[in-house]
Protein chains: 2
Amino acid sequence: MFRGASSLSLDVKGRLAVPAKHRDALLSQSAGQLVLTAHPHRCLLLYPQVAWEPIQAKMMSLSSFDKRSSALQRLLVGYAEDMQMDAVGRLLVSPALREFAGLDKQAMLVGQGSHFEIWNLDAWRAQLDIVMASEDLALPTELEGFSL
Amino acid sequence: MFRGASSLSLDVKGRLAVPAKHRDALLSQSAGQLVLTAHPHRCLLLYPQVAWEPIQAKMMSLSSFDKRSSALQRLLVGYAEDMQMDAVGRLLVSPALREFAGLDKQAMLVGQGSHFEIWNLDAWRAQLDIVMASEDLALPTELEGFSL
DNA sequence: ATTTTATGTTTCGCGGTGCTTCATCATTAA
DNA sequence: TTAATGATGAAGCACCGCGAAACATAAAAT
């Protein structure tokens, strides 16, 4: 279960240093085989390969005639890259993915249970505003009667 | 059942000293395993791990395609960190969480039954104003017929 | 006075950063 | 056409700095 947010920096070569506390967890699944891809909300997704495969399979099963489905397929599958951390726990993020997510010097690594998300810092702040802006914290209907 | 409000200070390293009266209660659940995370109202939530898990499970069950749901997931799960108090009862609050809640020198620790909330002092005062400003204390309809 | 709480200090180990080396590919010349 | 040299980019290595935890001292309460 991946949790926790940390602000990190990409070095001049586009390498992202994963915090040590998360490395073991990432290495233990799929022998460290990871998949990095693009998310519609303009962030990147980092999955252990075993966790990614069923998602990609599901995506590919969608109708390729529906415009939105096939656009989603193109995004998720098209940008997906297999990779693994180097000996000191860094991920080499390709120029295409860096450009997609607007990653420059500073990035945000955010645990999301089954995977991590990697955000441009400003985009992350905008993301938080979506929740915090709503004064009455209008919750999705699924959460009716639910309380923190 | 956690109750009571106390003003406390973070030391220069971001360590928050939990008042002694609450330590035993926090240690007794989950063998002292705690989860600290972010709340949309810009405060932090401190849960015993066992109490947090079902909440996170519920959050993760929401649609990740809905913008508001996924923003809420990102906030609650993304900022969640497992931790425990050090030998003298202090919590090491990560830079990400400190920045989120605007915690500096002074903080407010507020018991909320199942969990604690940790507030920036000014944000806490503003929070109080929300209730006190409304002259007739207009309550949500759920509280119809309810009286203090 | 003794035990419990609070705060400040120090130390050690490891994590992060930058540099160096190695490999691969491309370009040019023989 | 093949070989050689240079450039680009990835991976390995080493060192330095910081962060976490333990320790110690001071204060307070019972």
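**Terms and model**

I count two residues as in contact if their C-beta atoms, placed from the backbone, lie within 7 Å. I take helices (H or I, at least four residues) and strands (E, at least two) as DSSP runs, numbered from the N terminus.

The model is predicted, so I note that local features need pLDDT of at least 70 and side-chain atom pairs count only at pLDDT 80 or more, while totals for chains, interfaces and linings use all residues. Residues are numbered from 1 along each chain as its sequence is written, and chains are lettered from A and ligands numbered from 1 in the order in which they are written.

I looked up confidence next. Chain A averages a pLDDT (the predictor's confidence in each residue, from 0 to 100) of 90, and 91% of the residues score at least 70. For the complex the predictor gives an ipTM of 0.88 and a pTM of 0.91.

**Helix 5 of chain A against helix 3 of chain B**

I found Gln127(A), Leu128(A), Ile130(A) and Val131(A) of helix 5 of chain A meeting Lys67(B), Arg68(B), Ala71(B), Leu72(B), Arg74(B) and Leu75(B) of helix 3 of chain B. Helix 5 of chain A covers residues 121-133, and its axis lies 9 Å from that of helix 3 of chain B, at an angle of about 110°. Axes here are lines fitted to C-alpha atoms, for helices over the stretch in contact, and angles run from 0 to 180 degrees between N-to-C directions. The two helices are therefore roughly perpendicular to each other. My cut-offs are under 35 degrees for roughly parallel, over 145 for roughly antiparallel, 65 to 115 for roughly perpendicular, and oblique for the rest.

By class, this contact has six nonpolar, one polar and three charged residues. Ala, Val, Leu, Ile, Met, Phe, Trp, Tyr, Cys and Pro count as nonpolar, Asp, Glu, Lys and Arg as charged, and the others, Gly among them, as polar.

**Chain B against chain A**

I looked up the whole interface: 24 residues of chain B are in contact with 20 residues of chain A. On the chain B side, helix 2 (49-60), helix 3 (67-78) and strand 5 (81-83) each give two or more residues. Helix 3 of chain B gives the largest share, ten residues. The chain B side divides into twelve nonpolar, four polar and eight charged residues.

**Helices 2 and 3 within each chain**

In chain A, the axes of helix 2 (residues 49-60) and helix 3 (residues 67-78) come within 10 Å and cross at roughly 150°. That makes helix 2 of chain A roughly antiparallel to helix 3 of chain A. I list Gln56(A), Met59(A) and Met60(A) from helix 2 and Leu72(A), Gln73(A), Leu76(A) and Val77(A) from helix 3 as making the contact. It has five nonpolar, two polar and no charged residues.

In chain B, helix 2 and helix 3 pack at about 155°, with their axes 10 Å apart. They are therefore roughly antiparallel to each other. Gln56(B), Met59(B) and Met60(B) of helix 2 touch Leu72(B), Gln73(B), Leu76(B) and Val77(B) of helix 3.

**DNA strands**

I count a residue as near a strand if its C-beta atom, placed from the backbone, lies within 6 Å of it. Around DNA strand C there are 15 residues, of which Ala17(A), Pro19(A), Ala20(A), Ala17(B) and Ala20(B) come nearest. The surface near strand C has eight nonpolar, four polar and three charged residues.

Around DNA strand D I found Lys13(A), Asp86(A), Ala87(A), Val88(A), Leu92(A), Asp86(B), Ala87(B), Val88(B) and Leu92(B). They divide into six nonpolar, no polar and three charged.
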